[in-house]
Amino acid sequence: MAQVFEGITVLDFSRGRPGAVATMIMSDFGADVIKVEPPGGDPFRRWPGALQWDRGKKSVILDLKTDDGRRSARRLARQADVVVESYRPGVARRLGVDYETLSADRSDLVYCSLTGFGAKGPYSRYKGYEGAVAAKSGRMMMFSGLNGREGPNFVAVQGASHSAAMALVRGAVAALYVRNRTGRGQRVETSLLQAVTPFDHCGWVQGQMAVKDPERYPEDPYVGLGRPNPTGYLSVRTRDGRWMILANIVERLFRSMLHTLDLGHVYDNPRFASAPNIPDDDRKALERLVLERMQEKTLAEWMDIFVNQTADVAAEPYMTSREGVDHPQMVHMGQVADVADPRVGPMRQLGPLVKMERTPGGPKWPAPEPGEHTEEVLAGLNGASPARSNKTRSNGASAPMPRHPLEGVTVLDLGTVINGPLGCSLLSELGARVIRIEAPGGDYLRHSLGGLAVHRTMAGSEGMCLNLKTPEGQEIVRKLAARADILLHSMRPGAPERTGIGYSQLAEINPGLVYLYSGGYGATGPHSRRPSMAPIPGAVCGGAMAQMGRDNLPPPERELTIEEVEEGSRKLGRANDGSTDHCSAMGNSVGMLLGLYAREHTGRGQYIEASMLGSNAYANVDDFFRYEGKPPRRIPDGNGYGPHALYRLYPARDGWVFLACPFQEEWRALCETIDRRDLLEDPRFSTPEGRLEHDEALAAELARVFAAGAPLEWERLLTSADVACVKAEDRGMYYFYDEDPHVRENGFITQVETARLGRFWRYGPLLRFSHTEGKAGPGVLRGEHTKPILLELGYTEEQIAGFKDAGVIDWEEP
């Protein structure tokens, strides 16, 4: 079968997780990926996840500090279609593998660059560790209060790295798509500091509106912080001491849950008659009833009920990543794959990111040894022509550069809440025309927090309100689908066909349609008809259990008071923070572009499935695999400071710092800079293994050091010695991006305007291109573009008025 990246060669100079995951995805879908490593190999190979994210690649050792190494790298680049690198600004130029040098030989080269903090500004030279970016940006305040203390809390799931990996794939595909039309490549740039921004889908605009219009949008104490779980999201303990998540915030599901638990009688009580829409005191009383009821059966008994006896309760056990690998739905969907690794034996790894009907992907072979293919790859250069012709690589196209990479591409967004609409909004940033279709009452997010979140989840979209339960509404969406390139929906299996928008129904009228089903579980399999909300993949894929930290839940055999159960429920609820929707959106965005690019050489659209479980397994790529003897995941301590003394938060004078110092040379630089050479001589701390064994003692030593200075003093001192140590933002992301000059110098925020809110800033597009522009718009009013789009389809003013009167369409006034 054809593959998405058939005939594409990728040269990967990156180090660490984000670039490696991006090129793993490209390898899984057919690209030939050559991993270029320094003498001794990529230092991040020591991280357990490297066995997974380096799979399917060839490894070449080149010393880019030598003339021979640079010459070989340049010759390799002449044969490549895509280059990926993650050097700090200026390093690629010194090593002779910068965009200007390599594109001088290949005008159609796509060159993808990832930095930690951006290409310029005061932080551009800082090492781009995930923890440093999460702390500096305020992301760590999302979990503030989880462990009963104030201040930032370590983030276990590396969301910025996941987002950056997905952005790199989107950028590469978009640039290749442009190349097919113009014959020209370009540079694509992103950073972890940009990539982390989608996780703040509302705080940034709430903060601004509280200043701009305090009467309409009063100050919210949770701006920039993790918000308490809404009614319907509840972590519960079963009779055998296991924990589950109940995730039923939609009223229909909430009622189904109570009836399934034999608690339907609570609706006879006036306190609970309007549940889940009840005051906090009543909510807590009702939650206690649910917590008590859940302790009457074992986990297995409850799951039998939820899976086999009802299809209308969202519930899953809390699992580690190691356990989630064997979830029956993951296995059924092919979202895990068995790989025979020569170092560790049989290994269950992640499968392909999305399931593609015509151009399927999957692992090719296990991760190579460092330099395993050096001789083979360099020998191949000796017989190769200097470079393949532009005609071979870009079909001879020579059209002018478009303004935006996805100019002319139309996307129909029939998703819900965050994971569907945000995924489509990420394509809008690339210039696609996104038409957002909502039910007449509007999306769920329009009815919470003043509807402000749509300025991220629907940013850059056009808005329509259609009643798809009517024949006229179905006719309209079919006319739209006939003109569209991509369609996304998140309806449960069977619903699209009843609505007239099943894949086979639409493929008849538009064979080129790329059709992505963004479900919780997938269209088939043992859990396919079950509902899924944000906490479900957080529980299944291991993120919530990792975020809880060490020894934060009592052992299963211990009996708990109801108060202890409530406290465990509170902690798990905070740990399972809802970022899973955002991670799913990123997976959706990549799936849609993979389908679009596959169409370039197959000439046909196809059916694609993405699931919340699958996308969030990728967010946990550092641990979502298993093999005999696999080391345990490094999770934060019980106080939420971090996984070990050299990668954690420390209280400082009047604030916090985050230290990222995992490698030996950094450890030495740290000790010398803080004038603690005695730590270098202490036999307990002389080796990485010794430092981990005596982690508590080392953390105590460093805690005393950091407590004596102010955060910015430590940041200036240690970063000047090339040790990653940053002041941790202790108010939230909104404040950092609103106030920090580095953000504006890099253009990471941009101004937008709406009739209702006036002018305000939003996070800028995650990707920048050298020859095309990104696009950043605000959200849309409910149904704002319904009338002009219907006129575009050929409907008359009279027909449109009739549709509105009949409830087929709707819109709100500014």
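**Exercise 1. Determine why C202 forms no disulfide.**

Solution. The closest cysteine sulfur to that of C202 belongs to C583 and lies 18 Å away, which is too far for a bond. The criterion for a disulfide is a pair of cysteine sulfur atoms within 2.5 Å. C202 is also buried, at a relative accessible area of 4%, where buried means under 20% relative accessible area, exposed over 50%, and partly exposed in between (1.4 Å probe, protein chains only). For C541, the nearest cysteine sulfur is again that of C583, at 9.6 Å, and C541 is in no disulfide. C541 is buried, with a relative accessible area of 0%. The count under this rule is zero disulfides.

The model is predicted: local features need pLDDT of at least 70, side-chain atom pairs count only at pLDDT 80 or more, and totals for chains, interfaces and linings use all residues. Residues are numbered from 1 along each chain as its sequence is written, and side-chain values use heavy atoms, with hydrogens and water left out.

**Exercise 2. Describe how helix 3 and helix 15 pack, and state which residues make the contact.**

Solution. Helices (H or I, at least four residues) are DSSP runs numbered from the N terminus. Helix 3 spans residues 67–78 and helix 15 residues 374–382; their axes are 10 Å apart, at an angle of about 70°. Axes are lines fitted to C-alpha atoms over the stretch in contact, and angles run from 0 to 180 degrees between N-to-C directions. Helix 3 is therefore roughly perpendicular to helix 15, a class that covers 65 to 115 degrees. Helix 3 contributes S72, R75 and L76, while helix 15 contributes V377, L378, L381 and N382; contact means heavy atoms within 4.5 Å.

**Exercise 3. Identify which residues touch the most other members of the largest nonpolar core.**

Solution. A nonpolar core is a set of buried Ala, Val, Leu, Ile, Met, Phe, Trp, Tyr and Cys residues joined through side-chain atoms within 4.5 Å. The largest has 176 residues, and F5, V82, F306, L406 and Y737 touch the most other members. Helix 7 (residues 159–182) gives the most to this core, with 13 residues. Leaving aside residues up to four places away in sequence, F306 touches M244, L246, T260, L261, M294, V313, A315 and R530. Another core, of 31 residues, lies apart and includes L480, Y515, Y517 and L790.

**Exercise 4. State how many residues of helix 6 are buried, and what follows this helix.**

Solution. Helix 6 (residues 130–137) is mostly covered, with eight of its eight residues buried. Among them are E130 and K136. G138 follows helix 6 and has a positive phi, near 95°.

Technical notes:
Helices (H or I, at least four residues) and strands (E, at least two) are DSSP runs, numbered from the N terminus. Angles under 35 degrees count as roughly parallel, over 145 as roughly antiparallel, 65 to 115 as roughly perpendicular and the rest as oblique.
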